[in-house]
Amino acid sequence: MPQHVPAPVEGDTEGSAEPGPPAGRSPEAAPHGLPDALRPWAVLTWLPLLLAAGLWTTSLPYIGFRSMGEYGLLDRLPVIYYLSLLVLTAGFLVSLRRAGTAPWWPALYCAGLLMALKGVPAVLYDSERYPWASKHDAVIDHLLANGELRPNEGLSGNMSAYDQWPGFFTLNGGLVRAFGTDGATAYLNWAPVVLGLLMMPVLVLIYRTFSEDRRLVWAAVWIFQLANWVGQDYLAPQGLAFLLHLAVLAVVVRHFVRPGSAGRLGSRDWLDPAAAAVPQPTGTRQRAVRVAVLVPLIAAVNAMHQLTPVMLCVTLLALNLTRRYRNPGLLAVAGLIMLAWDLTMGRPLFMETLGTLRDSLGELTQNSRAGYAGQLTGAGPELAGRANVLMVLAVAVLAGAALLLRRRLAHSALPLLLASAAPVPLFVVNDYGGEMLFRVYLFALPGAAFFAAAALVPAAGGTGAHRTGPAVRKICAVALPVSLAALLAGFMPSYYGKEQMNYTPPAETALVTRTIDRAPEGALILATTGSFPQALHRYDRLEHWFFAEQELPENVEMLKDPAGYLSTRLPPGTTAYVILTRTQDIYTAGEGLLPPGGFDTLTRDLAASPLFHVVERTGHGVVLRYDSP
């Protein structure tokens, strides 16, 4: 068998890294008596990071998040904020030149990018970002107050699923108790930053399995962060379950290689210069032990989330298509754990989902829609929607270019490619409440980011036909910064273009909380949508109906006589509170649930109806009471 020879890294090849100190000179000293850290190449590495941090910090007092308009935060972020992102990007590009000998610099830049992009709400907001995230805090409060789970009890607002998959909430209940806080709102907005930091080393492990070029690895991490605009990393089961999913994938690709499966990939001569050697194979007994080690991790995924175990199983199935990772035992264990949970704790929702498959199976157009109406309206949401599409296309084009231009790397990294493509067939099965499009993109992103980086970072070293030519290097020298700048430009509207519906003034939260606290047990809470703060506060004691979460034509019909529409659908003897807030107005308009002016029409007609009586009206919303005749 050919002997494995380590791939040359960028610091070992001519022209791929900045030179070190001259021979015979101490690395701590440089010409003219300067310390090594003050040499020009070193200053260009650390100075942009400090400068970007200073600019970002300076920009914070000037971010007008309380006065957002139709473009969300985009036109409320000062110029120095955008300048900090450009300086950070420039410094990262410089740090890549030293990635082989000083990998901590690109790591620090990636951490800085994460904070710069997603840390603004964590530092500034005086309420939770994403009003619908407050329902997760409500679940944690419910769990701590009652000290029990009721998976078989029907709860309104689709809240039963959280008692059937309670792992995430049990963990956060422990954190709330440990920190001594009133609830998870104390740290809720920090979830994207914390999860992103935890995800970085896991991504590096996965990428290092398939490439020894640290420039490519860190460029892939950078692209992943820029392309991760889907907003699934807030304080929710999906974010943590996705992290555990990646952890399982990292263990599998590094420690589950079958003996004799490398084939010609065992020869350095056949590999792409940037490719890593196939990991050392493991015997049957070793793999069995590692399956046992992974069981708690897989069980944790199943205890947290409904969809992620399915994604994990289809990913393991895709890996079984390769000779290298054909481990049917692990796939069987993952499938059995998922089935065991679905038939016990998750049985109610699992059986309900099976009952809907007849209508959803094969409906590709319906299953790939985004949200309820699927028609964004307003300048900011429309811009965000276009940016979303362009971001997906940009990452796909870059990844596709790598598959065509670096076929040897694509062949050696085939398992990662299959793992990224594995979730796509789920479009055939279900729409996951209008969320399947975003979830498939999220689970495909780690592999797509790796191949996108491979298209932009030329291989270092190589001989003969495998050596990267000067023309390619020159093209990549331009394409890499341009692509990173373009992805950065696409991230901002994708992530912050609809921010007006993501931030809620504390006064609105207080209005909703007062209303729900004084509602008698068993009362019905009505609202256009559940996307407003504290919508599901006391969800175990009240009923809920979010009556505009349906197709637009049905809502247009409803607006012809809102009072009649609602009153004829309420059970006799019902005491109901209608809560209509500013955040609902923005959300229903931006997501296309109501036509322009529809929310104002609804509010005016209900307030004028003798069937509904105004309980409280503030600048942030109105509360009406309905007493059944």
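## Val333 in helix α12

Val333 lies within helix α12, which spans residues 328-342. This description rests on a predicted model. With a relative accessible area of 25%, Val333 is partly exposed, because the buried class requires a value under 20%.

Beyond its neighbours within four places in sequence, Val333 makes contact with Val291 and Val295. Val295 is 38 residues away from Val333 along the chain, yet their C-alpha atoms are separated by 7.8 Å.

## Packing of helices α15 and α18

Helix α15 (residues 379-405) packs against helix α18 (residues 436-456) at an angle of about 55 degrees, and the two axes are 7 Å apart. The arrangement of α15 relative to α18 is therefore oblique. Their crossing is left-handed.

On the α15 side, the residues in contact are Val392, Val395, Leu398, Ala399, Ala401, Ala402 and Leu403. They meet Tyr441, Leu445, Ala448, Phe451, Ala452, Ala454, Ala455 and Leu456 of α18. Classified by residue type, this contact comprises 15 nonpolar residues, with no polar and no charged ones.

## Strands β1 and β2

Strand β1, formed by residues 524-527, pairs with β2 in the parallel sense through 4 bridges. Within this pairing, Ala527 stands opposite Phe546 of β2.

Side chains in a regular strand alternate between the two faces of the sheet. Strand β2 (residues 543-546) shows such alternation. His544 and Phe546 are directed to one face and are buried, whereas Glu543 and Trp545 point to the other face and are not buried. Phe546, the residue opposite Ala527, thus belongs to the buried face of β2.

Note on methods. Residues numbered from 1 in each chain as written. Predicted model: local features only at pLDDT ≥ 70, side-chain atom pairs only at ≥ 80, totals over all residues. Heavy atoms only, no water. Buried < 20%, exposed > 50% of the residue type's maximum accessible area, 1.4 Å probe, protein only. Helix = DSSP H or I, 4+ residues; strand = E, 2+ residues; numbered from the N terminus. Pairing = 2+ DSSP bridges. Contact = heavy atoms within 4.5 Å. Axes fitted to C-alpha atoms, helices over the stretch in contact; angles between N-to-C directions. Parallel < 35°, antiparallel > 145°, perpendicular 65-115°, else oblique. Left-handed = near helix turned anticlockwise from the far one by under 90°. Nonpolar A, V, L, I, M, F, W, Y, C, P; charged D, E, K, R; others polar.
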